[in-house]
Structure formats: structure tokens, C-alpha cells
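Open the structure in your viewer and keep the selection box handy. We will go stop by stop.

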Amino acid sequence: MGDYVTPGEEPQEPGIYRSEQMCLAQLYLQSDASYQCVAELGELGLVQFRDLNPDVSSFQRKYVNEVRRCDEMERKLRFLEREIKKDQIPMLDTGENPDAPLPREMIDLEATFEKLENELREVNKNEETLKKNFSELTELKHILRKTQTFFEEVDHDRWRILEGGGGRSGGSTEEQSPLIDIGDNEDDSMRHFSAQAAMLRLGYGGAGTGEMLPPAGAMESEEGLELTQHAVAGSAPFANFGFCGFCKALFYLQHEDMIASSAENSGIGDVLSADEEELSARFSDAMSPLKLQLRFVAGVIQRERLPAFERLLWRACRGNVFLRTSEIDDVLNDTVTGDPVNKCVFIIFFQGDQLKTKVKKICEGFRATLYPCPDTPQERREMSIGVMTRIEDLKTVLGQTQDHRHRVLVAASKNVRMWLTKVRKIKSIYHTLNFFNIDVTQKCLIAEVWCPIAELDRIKMALKRGTDESGSQVPSILNRMETHEAPPTYNKTNKFTKGFQNIVDAYGIATYREINPSPYTMISFPFLFAVMFGDMGHGVIMFLAALFFILKEKQLEAARIKDEIFQTFFGGRYVIFLMGVFSIYTGFMYNDIFSKSVNAFGSSWTNSIRHEYIDDVLEKGEKASEAQWMLVPELAYDGNPYPIGVDPVWNLAEGNKLSFLNSMKMKMSVLFGIAQMTFGVLLSYKNFTYFKSDLDVKYMFIPQMIFLSSIFIYLCIQILAKWLFFGSAPGSVLGYTYPGTNCAPSLLIGLINMFMMKSRNAGFVDEEGNIVPQCWLSTWYPGQATIEIVLVILALVQVPIMLFAKPWLLYQREKKQTRYSTLGGSGGGASTSQSVRADIAQDDAEVVHAPEQTPKPAGHGHGHGDGPLEMGDVMVYQAIHTIEFVLGCVSHTASYLRLWALSLAHAQLSDVLWTMVFRNAFVLDGYAGAVATYILFFIFGSLSVFILVLMEGLSAFLHALRLHWVEFQSKFYGGLGYEFAPFSFERILAEEREAEENL
């Protein structure tokens, strides 16, 4: 692009057209005042610090401990914030911006946060312990209740057995399921085997003898039930058996059929065939000397794990355990996670230590919780009373703990946002101080900053305030430095211009001090959008939506709506506002409002059809054949155009409406496109002259303008001449006889003939006054053929000039500089330049050594900085730019035809919605018509908003964006800079808040 201009040489221009003038400066701050000075610069937000320690690790910098302390404080505050949000306590956010605390206040903040965190963690730990105990006691309460109910049912069945009540007569319910589960296999052989095995394990030996046999399971493996025999003479039936005895009795009653079928093969058929009373007596006598050592465990398990738990118990214990379950109606909290879960109470009966070990391991694997359960009803009753008492006490203590926790969080919620702001400011200050260098005396910090020249006074005042607040006696120093490094790009924006600047920056950050397209985009972008979107009705909808966002912007900003689509529309509210305003204007010019026209000034066309023909058609009515009549311009047009915009009569023309509008909008698109491209080339001239690049002015800008004028600007002149001179009435145009509209020149074919240099007729009529064949292809002004040949040759000549002239001159300049540097190097040593600087006020002087000048970037624009000229790179760079411009002029002109295409599509879609939807409401009469009007209007309005305003608006927006990025900005905009990122508390806090909201 050319040389960077040193700040002292830069001409004064309004900052809106170019980025702000920047300078590199050094800051000398005393160690004690550095914190306060950086804090003041952060509040100002006009200084970008450079890292002077790029090779030093982050963990080896001077203020790394302070940064870590800030990270720790921020972690504690985030912990507080999470706890406050968990309790749904609103956090007070007044929006105030407290000053950065002094370094000594950091200790007080740390102590406050440490105390709050420890107190809150202790309260949380106590609450968690209390909740866990409460959950365990609640589960134990349900276990005692369910097991007590279970044992009462068994005792009831026992008494029925003793009284001979026939326990099988009752209804079958869930609570009357078998106490000893022998599996759910429905196979008869398996049932038979299971029953027989159960009988053997219960100790039935020979038929009717009452002798005990060794259990089958005990003989096979160690997992069998251990049986011990005790002779208890004269004992009553089941008196000494406790729970084991009535388990066996109940098992016999509930599996009488299987036992009977098994008994036939085991030799006790005569016993099983006896009557019930005799069988009970003989069974009691046989079981009286037996006492089985059955044990049981009780606990709770999650309901969804119960089926798998049952299957694994049955398979792992080989059917030697009995499981009884009951669902808990209340929703309990998990003792570990605290989440609400549905659980079941279970009780498992088994015999032997091996089965006990297996059962406990299975319970542990399924995360079932086991609880102690006494054997006797009295003990269970006493434990239940104790559990209920402890539960009530825990409720009281837990409520007091939660109240205390709530009070702590409410008090913290009033200050947590302010604390976060302070901590983040402290952290950002120390992070910035890590960019500084420390002098050898350890008493001064040195920094390098980029800052706007126009704001130097404000920066110096901020440094003075920081020095005064710190109490330092040594003033802070700001020293401007000379540099040829490219400064950052800083464009001042406000809430109106920010949206348009973002559109430009999305393409690329402007190179330092090059033309800023944003001011021109503020007008051209909404205008080109409106050319494609032009409709007064749709423009009003867009305008009102943007106006609502603008009028309610403070309330909407305070609401902090996180929806991404809403934020997109709200952020671009001023862009949408101008798009709506320009759409209303272009819709007025098109005379188009929801596909209808408004006859505001009276049409320039009148009816030229004879009334007799019209009356004849009206008399025939439906019998008349359909025909299209045309208004002849010579008769129907009064010669005075519609005052502004399109004549409304064209909305009634069904035959040639599209032909007329397409021709008009196509030519209009070409005019707008070439005008914007020409403006872009003219802006490149401003860039070349600003950067003092004479080669670019002479061998880039001038050839480009000649090339563009010879072809495309000439085409625009032809379009305007055709609109102005070739009307409907015959006459004389530029010295040639013009017969009428059938001989109006064809510009597209004429442009093709211009490049092909074809011979054409001069004028529209021959010497005898007859119209020549294909008169629309004739030349229409004297000397047109010669002028067009000259223009084509002139345009072609510019291509080699743009391609070779600048690289050749750069090569010659490089050779001359090399020769001079060689001669200067052999002159007998380097001489040091000196000058004398006199101070008239104090009558003294000093000798100043002129610094060695750093070479500026070469002004050849070949994409490189300092160093020798690479001719190959220069040629490739120049060839790319030349080809891009020459071919781009053609392709970009065609690309602007999208203005016509999208305008046509939008108008046709609007017409389809009116014709196919809303117009049908006017066909019906009476109440049906009124109802249809409401319904179809709702459908019409919804489709108009969602399809024509939103979808078509987004399409037109994207096309307008492409026209500005590619067709317009490519003519002058480099976009190779980097953004000015000042150290600003406002920006840092906004980024932190946005990051929090996106979590």
C-alpha cells in the first residue's frame, strides 16, 4: 500500500474517515505508584500495553503471586455465587463501578472471603451430615415398619395353622406371596425337583418315621443349610422353633401339592395322604426336636435395581435364600448424592455364614443399604420409637442449620457482584504490571504503550492522578517514541456507528490510517439492501421493529436476554432502522406496498381504447372471448412522466408489466453498481496520496480509471441517453432521424458489437427515409463507431501498463539505491551526524546525536516489509492485482444484477401472497366473508412477516454484505491491520459477564 507515514507527518483529517493517529510511548512509573497509575489507565481505557517480557514464562514474572491470590479470591467468590444461585437468592446488581481497591485492601478482602468460605463450607458439611442421617433414619423407620408388618402377617398365619384355620382359603395378595421363594421356572420337572430338594433340606427322611436325614445341600457342598438336632421332650408344637418353625409350617401349607408329589418317591406317601389334622400333628412331632439357625438381613434398594437384584440372589445362592420386598410410597433422598429416588424395603432369610457373606456382597454390589433389625417385636417397637424421636430432633436442627445458611447467603448476595468487580480489577492490574520491565535499581517500572495522539493529555492527567493517590513524590513520565512499526487500528465508534463498523471489521481490520469504509457503508449498505427489498409495507414493519428496540434499549439491555437470535437483532438495531427507512423510500419509488400501487399524483396514461369496443365486450359478458388490449403510447401517454417513482398504471398491465420493470431495474442495477465501483477506485486515490505512493497513483489509479471509463462508464452514459432521448414519439435524436420505439438502440448487443468492432448502419433510416433492417443495432450518434474503437484500444492498452510499469520502476529504483549505498560505504568510514540544540530561555545548549534512521517499508506494495526487492514476488503480486481488477470489472458489474433479481423475486412473492391468500377473502359475502377476512388476514400477515420480512430480508442482507465486501471494498480496502485492544476495565468486566452468561 505504500510507506507508513510517521506520526509527525500525518495530515489532519476527521477521525471518522480514517483510524485515529497512534503513537508508541514509554511510561516510567515509580514502583509504589505503578499500581494506582495502571488503575487510572484502566478506568480511562485508551492505552494498549505491549508485553516487554515475551520470553519470560508466566510463572516467573514479578507479580505472579498476586495474580494467584486474585485467582483464589475469584474462586471463592464463584463458590459463593453458586451457593447463592442454588438457593435461588437474587443477587443485588446496582450496576455501580467501584474503583480498584488499594493493594493493602487486598488483605482485608482475602480475610473476608476466607471467613465466608469456611463458614459456608462448615455449614454445608453439617447440613449434608444431618441430611444423610435424616435419610438413613427415614429408611430405618420404613424398614422397621415394613418388617413389623411382615412378621405380624407370619404370626397371623402361624396361629391359623395352630387353630387349623386352613391358611389357603384367603385371597391371593402381594403380601401373601411365598415366604421361601423356589424360583419362577414354570417347567413342571423343575418344579418337581425344587419341591423335592426343599423337602430334603427341611429334613424329611423315611415315610412316617420322623427321622432326620442329612440335608442334600449339606452333603454336596458347603453352601447347604446347617441343621442341628436338639431333643426337647414334651415341647408343644412349634414352641421352641421361633420363626424357623412357622416358616416350615407355612412352606408346607403353601407347597402342599409339590410336597405330595415329591413324597410318593421319597417313601412318605402314607404320611402325606393322611388327613390334615393328623398330618399337622405328625409334622409337628417330626419337627419338634429341630431348630434351624435361620438368619435375616433387612435394608433398602433403589426400585429400578430390584429385578436384577432378585435374579442375582437366586442364581448366586442357588435358591437357598428367601427374599421379601415392599415398596416405599414416599420419595426418599439418596444418602450419598441427595437426589430424590424411589426405594424398596427388602428382607432376606438365609442360613449359614457363607450365604451371609454372599448376600452382603451382592447387597454391596447393588449399593443397597443394610440396617439392623431386632428379632423380637418388643425390640423393634422400642427401636421405632427411638428412631421417630431422633427424626423429630433432626428436623429441628436441620431447619435451624438451613436458616443460618440462608442468612449468610443473603448477606453475601448484597456484595458479591461488587466484590467480583473489585477482584477482577485487581487481577487485571497485576496481569498488566507483568508486561512491565524493571530497571536495575528495582525502583522504576518501564512500559511501552500504544495510545491515540489526540488523547495524550488525558493519559497524562490519569498518570498524574495515579501518582497523587499513591502519595509518591516522583512524577510519572510519558515519553513518545519514533517507530516504523505498524500501529494498531483504532476507530472511534458509538452505539449508532458500531453496527456498521462491525460489518466492515468482519471482512478485515483496516490497515493503519487507510480509508475507513464505515462512513460510506452507513448510507450505501441500507440503500442497496432497500433496492432489493423495496416495499413500503414491509419496510414499515422493519422500521417499527427497529424503533421498538431503540426506544426500549435501556430496558432490554438491563434484562440481559441471552437468546442469540435476539442479541443479533438487538445489536444491529440501528442498521435495521436505516434498512427499514430506505426500504420505505425505495418502496415509494417502486410504488409498491404489499404488491399494490398507490395513485398519489394521478397517472400519466389515459384510456385510448374506443368506447364502442368496451361497451360491446360488456354487453356480451361471459360469451365474449378473452383478449388483451394494449394502450398505444402515442395515444394513451400524455407525454408528462409520473412526478416521482413508477406510474401506478403499470400495476394493472398484465402483459408487459414484468418486461417494463425488468428493463428498468436491470439498467438501474448496472448504474448503481458501476457508480459504487468507481467511487471505490476514487477512494483508492485518497489512500495512495495519503501514503505518498506516487507509483500507485500514476500506474495503478490512472490506468484503472481509464479502463473503467472506456467501457463501463461509457455503458452508463448510453443507458442514461437512452432513457432521456429515445421516447415513444418519433423525432430527431443527436442528428439522426428516430422513427419510434421499435428502433430504440439495444445496448447489450451494441456493447458486444463494440468489442467485436463490427460495421453497423449509421442512423435508423436510409437516404430515402426507409427504416433500415434491424434498426435497433445501428449507431445512434455521429462518429459512434470510431469513438468505440478508440475506447476499446485505450482500455486494452491499460492492461500492460498496470502489469509491467510499476514493477519495472521499482526495479530501477532498487538498482539506484544499491549503487548509492555501495558508493557511500567506500567513503572512508562512517561519520556521526551531530547537531546543536540551543535553549534560548536558559542560554545553554546540548549536543544531540542524530539517531540512525530505520528504513521505512518500501512503497512498492508487493506485500513485504523491509529487505531486498524480490522481483519475482513483485511480478506475481502485480499480476494478481491486475487480473483481479480487469476481470473483476466485468464480473462485478454482472454481480450487481442481483439487485434486479432479488427485487423482482421479492415483488413476485409479495404478489403471490396477495393473490393466492388474502384476495380470496373478498370473494365471499356476508358473515362468511367477515370470518374469512380475519382468518386469511392472519395467515397473510404471518407469511408476510416470516417469509417476506425475515427470510427475504436475511437474503437481501447477505447479498448487500457481499456487494460491499467484494465489489466495493476490494477496490481500495486492504484490511491487513490489527485491532487496537486497550487496557480497559469496562471491556474486561463486559467480557467476564458475557462469559458467565454463556455458561
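Over the face of which residue does Arg573 lie? Select Arg573 and Phe570: the arginine lies over the face of Phe570, at 4.3 Å from the ring centre. Bear in mind throughout that this is a predicted model.

**Another arginine over a ring**

Now pick Arg121 and Phe79. Arg121 lies over the face of Phe79. Its distance from the ring centre is 4.2 Å.

**Aromatic pairs**

Show the rings of Phe, Tyr and Trp. Counting pairs with centres within 6.5 Å gives 53 aromatic pairs. Start with Phe150 and Phe151. Their ring centres are 5.4 Å apart. Their planes stand at 55 degrees, so this pair is tilted; stacked would need under 30 degrees, and edge-to-face over 60. Are these two residues buried or exposed? Phe150 is buried, at 4% relative accessible area. Phe151 is buried as well, at 7%.

Move on to Trp914 and Phe922. Here the centres lie 6.4 Å apart, and the planes meet at 55 degrees, so the pair is tilted. Turn on the surface. Trp914 is buried, with a relative accessible area of 18%. Phe922 has 48% relative accessibility, so it counts as partly exposed; the buried class ends at 20% and the exposed class begins over 50%.

Next, select a cluster. Ring pairs link Tyr17, Tyr507, Tyr520, Phe679, Trp965, Phe968, Phe972 and Tyr973. Colour these residues as one group.

**Strand 1 and its partners**

Select residues 22–30, which form strand 1. Seven of its nine residues are buried, so the strand is largely enclosed by the rest of the structure.

Add residues 444–452, strand 12. Strand 1 and strand 12 run antiparallel and are joined by nine bridges. To find your place, look for Leu24, which stands opposite Trp450 in strand 12.

Then add residues 477–481, strand 13. This strand also pairs with strand 1 in the antiparallel sense, over five bridges. Which residue of strand 13 does Gln26 stand opposite? It is Asn479.

**Two packed helices**

Last stop. Select helix 23 (residues 657–690) and helix 29 (residues 926–968). Their axes are 10 Å apart. The helices pack at an angle of about 50 degrees, and they are therefore oblique to each other. Rotate the view until one helix lies in front of the other. The crossing of helix 23 and helix 29 is right-handed.

Key:
Residues are numbered from 1 along each chain as its sequence is written. This is a predicted model: local features need pLDDT of at least 70, side-chain atom pairs count only at pLDDT 80 or more; totals for chains, interfaces and linings use all residues. Side-chain values use heavy atoms; hydrogens and water are left out. Rings of Phe, Tyr and Trp (its six-membered ring) pair if their centres lie within 6.5 Å; planes under 30 degrees apart count as stacked, over 60 as edge-to-face and the rest as tilted. Buried means under 20% relative accessible area, exposed over 50%, partly exposed in between (1.4 Å probe, protein chains only). A charge sits over a ring if NZ of Lys or CZ of Arg is within 6 Å of the ring centre and within 35 degrees of the ring normal. Helices (H or I, at least four residues) and strands (E, at least two) are DSSP runs, numbered from the N terminus. Two strands pair if DSSP finds at least two bridges between them. Axes are lines fitted to C-alpha atoms, for helices over the stretch in contact, and angles run from 0 to 180 degrees between N-to-C directions. Angles under 35 degrees count as roughly parallel, over 145 as roughly antiparallel, 65 to 115 as roughly perpendicular and the rest as oblique. A crossing is left-handed if the near helix is turned anticlockwise from the far one by less than a right angle, and right-handed if clockwise.
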